[in-house]
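Thanks for sharing this one. Here are a few notes to read alongside the coordinates, in the order I would go through them.

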Amino acid sequence: MDNVPDQEPPAGSQSLLRGLQIIEILSNFPNGCPLAKLSELAGLTKSTTHRLLQGLESVNYVTRAPSPGSYRLTTKFVAIGQKTLSSLNIIHVAAPHLEALNLDVGETVNFSTREDDHAIMIYKLEPTVGMIRTRAYIGQHLPLFCSAMGKIFLAHDKLANFETYWQGHQSSIIKLTANTIVDHADMLAEFAAIRADGYSLDREENELGVSCVAAPVFDIQGHVPYAVSISLSTARLAQIGVDNLVDHVRQASRRISSELGATI
């Protein structure tokens, strides 16, 4: 979360907003964040930060970390997150198809939605055959421009929305590997191929050694609110063949789309 906006917040909400800001910052420090660092990142005084931490600690959202003077989030957030995910009907709809895909290919299966300028991982199944376990986790924010599922969302969005995204993220659209697409024309060509072929690829564009195949999930209005993907090592992908995985991931995405009322 950004620092508290310049405009005057609703009466009585300043402490709440600052507390949420502290929570979001701490979410990036699983092993704990020192008070001084936390107050610096939040743009608050140490005394204000400490007071907010005490409040969060009193209701068991924050606890002391092993490192002296540091704080971390508690597992209470895990329970809340699980309840939130359980309330999403899409998980109940998609899970059987994702589990079938996982068993068919034996590799990591991912399911995401888009939230603003990121893809959010909302479901993941570990490989049953493949040895490589990706670092992705439920709740993770994935960049749109260099992930297979992210490119699915961009390719099926309005061009004007993509242009706004592209112009607004020039500082972060950088080469993470030699394969990352950072040229505007090349990205538009990539989108055209994605729409024509019905799938997208992450060719080690986000992480060396890891590749990904993704397909769109359509809803009854023809929008793409979700994406399905298979992640695996690039060496393993070369053994299996892209075409074999593409068939599986597209079939799974079509089955989920059908349940959402899409006609594809």
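1. Among contacts between residues at least 6 apart in sequence, 53% join residues at least 24 apart. Please keep in mind that this is a predicted model. The protein has 10 helices and 9 strands, and its C-alpha trace spans about 60 × 40 × 40 Å along the principal axes. Of its 264 residues, 44% count as buried.

2. Helix α8 (residues 184–197) is a good place to begin. At 1.5 Å a residue, its 14 residues should span 20 Å, and the end C-alpha atoms are indeed 20 Å apart, so expectation and model agree.

3. Which residues of α8 are buried? They are Met187, Glu190, Phe191 and Ile194. Seen down the helix axis, the buried residues of α8 fall within an arc of 100°, so they line one face. The general background is familiar: an α-helix has 3.6 residues a turn, so residues three or four places apart point the same way. On the face of α8 turned away from the buried side you will find the exposed residues Ala185 and Ala196.

4. The ends of α8 deserve a look too. At the N-terminal end, aspartate 183 acts as a cap, with a side-chain oxygen 3.1 Å from the backbone nitrogen of alanine 185. Just after the helix, glycine 198 takes a positive phi of about 85°.

5. What do the buried residues of α8 pack against? Their partners are α6 (148–155), α7 (159–168) and β7 (200–203). For α6 and α8, the axes come within 9 Å and cross at roughly 90°. Angles of 65 to 115 degrees count as roughly perpendicular, so α6 is roughly perpendicular to α8. Lys151, Ile152, Leu154 and Ala155 make the contact from the α6 side, while α8 contributes Met187, Glu190, Phe191, Ile194 and Arg195.

6. My last point concerns serine 253, found in helix α10 (residues 242–259). Is serine 253 buried or exposed? Its relative accessibility is 4%, so serine 253 counts as buried, the cut-off being under 20%. The side chain of serine 253 reaches two backbone oxygens: that of arginine 250 at 2.9 Å and that of proline 216 at 3.4 Å. Leaving aside residues up to four places away in sequence, serine 253 touches Ala215, Pro216, Val217 and Val228. Proline 216 therefore appears both as a partner for the serine 253 side chain and in the list of residues that serine 253 touches.

How values were computed. Residues are numbered from 1 along each chain as its sequence is written. This is a predicted model: local features need pLDDT of at least 70, side-chain atom pairs count only at pLDDT 80 or more; totals for chains, interfaces and linings use all residues. Side-chain values use heavy atoms; hydrogens and water are left out. Helices (H or I, at least four residues) and strands (E, at least two) are DSSP runs, numbered from the N terminus. The expected span of a helix is 1.5 Å times one less than its number of residues. Buried means under 20% relative accessible area, exposed over 50%, partly exposed in between (1.4 Å probe, protein chains only). The arc is that of the directions from the helix axis to the C-beta atoms. Contact means heavy atoms within 4.5 Å. A polar contact is a pair of N or O atoms within 3.5 Å; within protein, one must be able to donate a hydrogen and the other to accept it, and residues adjacent in sequence count only if both atoms are side-chain atoms. Axes are lines fitted to C-alpha atoms, for helices over the stretch in contact, and angles run from 0 to 180 degrees between N-to-C directions. Angles under 35 degrees count as roughly parallel, over 145 as roughly antiparallel, 65 to 115 as roughly perpendicular and the rest as oblique.
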